[in-house]
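Student: Please take one part of this structure and go through it closely. I would like to look at the largest pocket and what surrounds it.

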Amino acid sequence: MVNFLIFGPPGSGKGTQSVRLAEKFNLKHLSTGDMLRAEIAAGTELGKKMSSIMSKGELVPDEVVIELIAKKIDSTKGSAGFLFDGFPRTVAQTVELEKMLNKRKMKIDSMLVLEVDHDELVKRLVLRADQSGRPDDKDPKVIENRIEVYKEKTEPIITYCRERGIYQPVNGMGSIDDIFKRLSKHMKELI
Ligand code: AP5
């Protein structure tokens with residue numbers, strides 16, 4: 001199994017690229033954002049508790065997403081590896097993910113970091129707001145907060161992964177097809 005993190009700030013294209021990459025390389029795409037939104041849509045107790053945190057653009061507690069991911073890792077069969085999208089988001093989540101994978105004789109093989117200018121991130125999310133129905137896209141202040149939270153709580157994972165030799169920056173500006181080619185090139189080297 002080969003396991004990738006697709007990483008980057010809100011609006012950097014993680015979800016868009018993950019769907020295509022997972023199909024191309026037979027990877028199991030695990031997005032904690034999608035999982036949490038599914039809980040909200042299903043009206044579960046967990047969803048109800050998490051929705052106000054998410055609509056402010058803050059992070060939900062580490063233990064919530066760790067449990068969601070652990071369940072999926074154990075129930076996944078037949079894929080060439082995992083593509084983690086939007087997880088981990090804190091160094092604590094990264095340490096837990098490593099433990100979960102190591103226990104199952106796996107590791108994080110590469111962290112692909114999409115690099116996108118701040119103004120382009122905001123532009124993409126504002127454009128999406130009408131169609132996505134996501135409360136965290138609707139308010140420009142919440143978009144800015146999500147970017148700030150990324151810088152403060154999530155970016156430190158880059159240093160952690162760089163020290164482990166798995167950090168791979170990728171230019172996330174340009175067309176979706178061009179970015180897909182760049183990401184595919186890096187993934188092919190490992191699969
Ligand atoms: P999550 O769902 O992970 O959202 P996010 O990180 O804010 O990312 P987005 O989905 O907004 O952006 P993306 O990078 O996936 O870009 P996308 O491809 O969609 O998290 C939501 C919330 O859930 C968090 O704020 C937090 O509350 C909670 N949460 C989730 N995981 C958590 C965790 N592990 N720990 C704690 N809390 C957690 O693209 C964006 C838009 O741009 C789309 O409209 C797309 O069509 C467009 N686009 C993409 N690429 C291009 C391009 N090249 N050119 C033009 N447009 C493009």
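Tutor: Helices and strands here are DSSP runs, a helix having at least four residues and a strand at least two, and they are numbered from the N terminus. With those names, a loop can be placed by the elements on either side of it: N26, for example, is in the loop between α1 and β2. The model is a predicted one.

Now the pocket. The largest pocket holds about 1000 Å³ of space. Its lining is made up of 48 residues, and those closest to the pocket centre are G11, K14, R128, R134 and R146. Seven elements need not be learned by heart, but they can be traced on the model: two or more lining residues come from each of β1 (4–7), α1 (14–25), β2 (27–31), α2 (32–41), α6 (118–132), α8 (140–154) and α10 (176–188). Helix α6 gives the largest share, seven residues. Sorted by type, the lining has 17 nonpolar, 18 polar and 13 charged residues.

Next, the ligand. It is surrounded by 31 residues, of which T16, E58, R89, R128 and R146 are the closest. R128 and R146 are thus among the residues closest to the ligand, and they are also among those closest to the centre of the largest pocket. Three short distances between ligand and protein can be listed. A polar backbone atom of E58 lies 2.5 Å from an oxygen atom of the ligand. A nitrogen atom of the ligand is 2.8 Å from an N or O atom in the T32 side chain. For G13, a polar backbone atom is 3.1 Å from a ligand oxygen atom. On its own the ligand has 1000 Å² of accessible area, and the protein covers 88% of it.

R134, one of the residues closest to the pocket centre, has a partner worth following. The side chain of R134 makes a polar contact of 3.0 Å with the side chain of D136. D136 lies in helix α7, residues 135–138. Its relative accessible area is 10%, and D136 counts as buried because the cut-off is under 20%.

Helix α1, which is among the elements that line the pocket, also contains V19. V19 has 51% relative accessibility, so it counts as exposed, the cut-off being over 50%. V19 and L30 are eleven residues apart along the chain, and their C-alpha atoms are separated by 9.8 Å.

That leaves some points of backbone geometry. Most residues other than glycine have a negative phi, and most peptide bonds are trans. N26 is not a glycine, yet its phi is positive, about 55°. N26 is partly exposed, with a relative accessible area of 44%. K105 is another residue other than glycine with a positive phi, near 60°. K105 is found in the loop between α5 and β4 (110–115), and at 79% relative accessibility it counts as exposed. As for peptide bonds, the one joining F87 and P88 is cis, with omega about 0°. P88 is in the loop between β3 (81–85) and α5 (91–103).

How values were computed. Residues numbered from 1 in each chain as written. Predicted model: local features only at pLDDT ≥ 70, side-chain atom pairs only at ≥ 80, totals over all residues. Heavy atoms only, no water. 1 Å grid on protein atoms, 1.4 Å probe; cavity = no way out; pocket = protein on both sides within 12 Å on 5 of 7 lines; lining within 4 Å. Points joined across faces, edges and corners; volume = space filled by probe spheres on them. Nonpolar A, V, L, I, M, F, W, Y, C, P; charged D, E, K, R; others polar. Buried < 20%, exposed > 50% of the residue type's maximum accessible area, 1.4 Å probe, protein only. Near = heavy atom within 4 Å. Polar contact = N/O pair within 3.5 Å; in protein donor to acceptor, adjacent residues only side chain to side chain. Areas by Shrake-Rupley, 256 points an atom, 1.4 Å probe, with all protein chains shown as cover.
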